[in-house]
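Please walk me through this structure, step by step, for someone who has not seen it before.

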Amino acid sequence: MGGLTLATVGLALNETSAQAGAVAPGRGRRHREIVVARMREECRKMITVWGEGRGFRVVWLLEEMGLAYRLRPVDLLAGVEDDAAFLAINPAGFIPAIQDGDVTMVESIAIMEYLMARHGPTPLAPEPRDPTFPLYQQFLHLGEAGLAASLYFVSGARNIAPESERNNWSARQALEVFESRLALVTRRLATSPYLAGERFTAADISVTYALEMAQRNVGFGLGDLERAYVARTTGRDAYGRTMETCHATRAWAAEAARR
Ligand SMILES: N[C@@H](CCC(=O)N[C@@H](CS)C(=O)NCC(=O)O)C(=O)O
């Protein structure tokens, strides 16, 4: 399932409109309008992901589940003050957000839980009575609350703060929190290929994103176990398709690789 950007949706509408005329020339404008209206309705029903960043997790999940979606870019670096459409979705101005019909949500992990519950069942989320459920649930949340949230502040200090603040007390504390939580991931990977158990789940999407963030944003050196794990999770077809769709993430990864 390839994601659509809004530009691609526009193109698809134009193509369909042209095709409608080409396939049924006799039926004319009215027929084309009906086809275009149907396409618009299909697009309206499609899940919209606003912004990359942690939105990458959401797109990866959608790709794994084979659900149709479109990605609406949000440029945090340019500033969102003038992006009225986005601020109407999330007045707090952070990404990602999703729209699914009448549902609007933020928080990448909550969004993943919602999508799997509403559009599942899926093997990406073990059932509560499954023996793998407790560790699945733990690592799904640890990926954000323990790892990525801490890294966010290390990254801000290292990449954005004035020189004198780059290694301040809070930045060091955030890095210590990240490293201590990472020890739980390392211990688990010593005995299991994936965090919940033998099978890839959404917990792996959550934690893999944080591990890639550690490498790309702060040049954190992962150990052998984590590196082998990231190679395993990012080797999936759905990850490849997600990278194709997420242009900003691709540019960010390429820039980090050059450094
Ligand atoms: N816990 C949130 C974190 C969201 C977050 O911090 N997003 C970053 C980009 S990945 C952002 O929008 N930062 C700008 C801001 O917080 O204003 C989640 O998992 O979605």
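Before turning to a pair of helices, it helps to know that axes are lines fitted to C-alpha atoms, for helices over the stretch in contact, and that angles run from 0 to 180 degrees between N-to-C directions. The model discussed here is a predicted one.

Two packed helices are described by the angle between their axes and the distance between the axes. Helix 3, residues 55-65, and helix 8, residues 202-218, have axes that come within 10 Å and cross at roughly 150°, and the crossing of helix 3 and helix 8 is right-handed. On the side of helix 3 the contact is made by Phe56, Arg57, Trp60 and Leu61, while helix 8 contributes Ala202, Ile205, Ser206 and Tyr209. Sorted by character, the residues of this contact of helix 3 with helix 8 divide into six nonpolar, one polar and one charged.

Helix 8 also holds aspartate 204, which counts as buried because 27 C-beta neighbours lie inside 10 Å, where 20 or more are needed. Leaving aside neighbours within four places in sequence, aspartate 204 is in contact with Tyr194, Leu195 and Thr233. The C-alpha atoms of aspartate 204 and valine 230 are 9.1 Å apart in space, although these two residues are 26 residues apart in sequence.

Past helix 8, in the loop that leads to helix 9 (224-234), lies phenylalanine 220. With 18 C-beta neighbours inside 10 Å, phenylalanine 220 counts as partly exposed. When residues up to four places away in sequence are not counted, phenylalanine 220 touches Ala214 and Gln215. Between phenylalanine 220 and leucine 151, which are 69 residues apart along the chain, the C-alpha atoms are separated by 10.0 Å.

The next subject is the ligand and its surroundings. A shell of 13 residues surrounds the ligand, and the closest are Gly53, Arg54, Phe94, Ile95 and Ser108. The elements that give two or more residues to this shell are helix 5 (108-119) and helix 6 (133-159), and helix 6 gives the most, with three residues. The shell divides into seven nonpolar, three polar and three charged residues, and at least three of its residues are drawn from each of domain 1 (4-119) and domain 2 (133-258).

Some details of the backbone deserve attention as well. Most residues other than glycine have a negative phi, and most peptide bonds are trans. A cis peptide bond, however, joins isoleucine 95 and proline 96, with omega about 5°, and proline 96 has its place in the loop between helix 4 (84-89) and strand 4 (97-100). The peptide bond from glycine 120 to proline 121 is cis too, with omega near 5°, and proline 121 is found in the loop between helix 5 and helix 6. Glutamate 107, in the loop between strand 5 (103-106) and helix 5, has a positive phi of about 80° although it is not a glycine. Glutamate 107 is partly exposed, with 15 other C-beta atoms within 10 Å.

One further loop residue remains, beyond helix 6. Asparagine 168 is found in the loop between helix 6 and helix 7 (169-189), and asparagine 168 counts as partly exposed because it has 13 C-beta neighbours inside 10 Å. The C-alpha atoms of asparagine 168 and valine 154 are separated by 9.6 Å, with their positions 14 residues apart along the chain.

Conventions. Residues numbered from 1 in each chain as written. Predicted model: local features only at pLDDT ≥ 70, side-chain atom pairs only at ≥ 80, totals over all residues. Near = placed C-beta within 6 Å. Helix = DSSP H or I, 4+ residues; strand = E, 2+ residues; numbered from the N terminus. Nonpolar A, V, L, I, M, F, W, Y, C, P; charged D, E, K, R; others polar. Domains from an automatic or database assignment. Buried ≥ 20, exposed ≤ 12 C-beta atoms within 10 Å, placed from the backbone. Left-handed = near helix turned anticlockwise from the far one by under 90°. Contact = placed C-beta atoms within 7 Å.
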